[in-house]
Amino acid sequence: MIDEVPLSTIDLTTTDARPLISLAGPGDYFALLKPRVMSLVVLTAVVGFLAAPGEMNPILGSVSLLAIALGAGGAGALNMWYDADIDRIMSRTANRPVPAGRIARESALAFGVALSALSVMLLGLASNWFAAGFLAFTILFYAVFYTMGLKRRTVQNIVIGGAAGAFPPMVAWSAVTGGLAWESFALFLIIFLWTPPHFWALALFKMKDYGAAGIPMLPNVSGAASTRRHIFVYSVILAPVGVLPFWLGIAGPIYGAMATLLGVQFVVHAYRVLRMADEDIAMRPAKSLFGFSIVYLFALFGLLLLSTIAAAEFGIHVL
């Protein structure tokens, strides 16, 4: 009788059912792309495209955007390939396709490499090779420098690795202009400064998971009190940075006012986390900040998107 094994494949050449034929569905491969992360990448990249000075053929622009999305998906698949061992331990990630056994690690690796290579070539052909090189660097930064290097070795993993998620609007900007500018760096800076408080809030109420997986997240290494202080400091810095697009002229006064209000609310949430007692097992302030941080970033870039569309329509930043 054959032992029970993951349902990802069946090895017809041996007696211990190892995968050669994948039984994974399309949804499993889609999950490898980290669709929620990809949606953020697409939104921020669209803002980068529209905010950049100059014009791009709509078809080539759409292909370029697809390339950036595929690059994010390829990086996500490579992350899931490498992290399958620790993903299996943590409740938040245990049902991902690779640790759950629906897709073999080798298949995830091949899928990630193929998508990454395709995305870089596609962006180079559709826009320019500077943007393609930037996309290749972004994928390598996330998959190699962060996932394989920093994540399991340093308490600053999220701070440094967060840059990978902040690069897409700069990549999109360079696809239009062939270069970079301070305005594109402002878009990068918003996401870069948002990442630590967002993930450290999650890490506070997922400490046991990260501890079991051996990942040196800030709460596990420096303690909850230190993490709460770090969250507050980053939030205070993030709030005014979120208004930078208005001061740099790539968004209008409505964006400036809304970004200010959202930033103040972010700081209020962070202050509640700062005041959270060590004995607070429910950690509702941390969970509330984590949820609001997602709303904050999508709202900010959604407003930027509307502002850039309105500017293209009316010739001035009315939003």
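In this predicted model, 46 residues line the largest pocket, and those nearest its centre are Lys34, Arg36, Val37, Tyr142 and Phe199. Seven helices each give two or more residues to this lining: H2 (35-51), H3 (58-82), H6 (129-150), H7 (157-166), H8 (168-177), H9 (182-205) and H15 (284-314). The most is given by H3, which contributes seven residues. The space in the largest pocket comes to about 1200 Å³. Sorted by class, its lining consists of 29 nonpolar, eleven polar and six charged residues.

The second largest pocket has a volume of about 390 Å³. Its lining is made of 20 residues, with Phe49, Leu50, Ala51, Ala52 and Gly54 the closest to the centre. At least two residues of this lining come from each of H2, H3 and H15. These helices also appear among the elements that give two or more residues to the lining of the largest pocket. The lining of the second largest pocket divides by class into 13 nonpolar residues, six polar residues and one charged residue.

A packed pair of helices is found further along the chain. Helix H12 (residues 224-241) packs with helix H14 (residues 253-274) at an angle of about 170°, and the two axes lie 9 Å apart. Angles over 145 degrees count as roughly antiparallel, and H12 is therefore roughly antiparallel to H14. On the H12 side, the contact is made by Arg228, Arg229, Ile231, Phe232, Ser235, Val236, Leu238 and Ala239. On the H14 side, the residues involved are Gly263, Phe266, Val267, Ala270, Tyr271, Val273 and Leu274. By class, the residues of this contact comprise eleven nonpolar, two polar and two charged.

Charged side chains also form pairs. Six salt bridges are present in the structure. One of them joins lysine 151 to aspartate 83, with 2.7 Å between the closest N and O atoms. Lysine 151 is placed in the loop between H6 and H7, while aspartate 83 is in the loop between H3 and helix H4 (84-87), so this salt bridge ties together parts that are 68 residues apart in sequence.

Serine 91 is located in the loop between H4 and helix H5 (105-126). When its neighbours within four places in sequence are left aside, serine 91 is in contact with Lys206 and Asp209. The C-alpha atom of serine 91 is separated by 35 Å from that of phenylalanine 185, a residue 94 places away along the chain.

Definitions and conventions
Residues are numbered from 1 along each chain as its sequence is written. This is a predicted model: local features need pLDDT of at least 70, side-chain atom pairs count only at pLDDT 80 or more; totals for chains, interfaces and linings use all residues. Side-chain values use heavy atoms; hydrogens and water are left out. On a 1 Å grid over the protein atoms alone, a cavity is a set of points where a 1.4 Å probe fits but cannot get out, and a pocket is an open set with protein on both sides within 12 Å along at least five of seven lines; lining residues have an atom within 4 Å of a point. Grid points are joined across faces, edges and corners, and a volume is the space filled by probe spheres set on the points. Helices (H or I, at least four residues) and strands (E, at least two) are DSSP runs, numbered from the N terminus. Ala, Val, Leu, Ile, Met, Phe, Trp, Tyr, Cys and Pro count as nonpolar, Asp, Glu, Lys and Arg as charged, and the others, Gly among them, as polar. Axes are lines fitted to C-alpha atoms, for helices over the stretch in contact, and angles run from 0 to 180 degrees between N-to-C directions. Angles under 35 degrees count as roughly parallel, over 145 as roughly antiparallel, 65 to 115 as roughly perpendicular and the rest as oblique. Contact means heavy atoms within 4.5 Å. A salt bridge is a side-chain nitrogen of Lys or Arg within 4 Å of a carboxyl oxygen of Asp or Glu.
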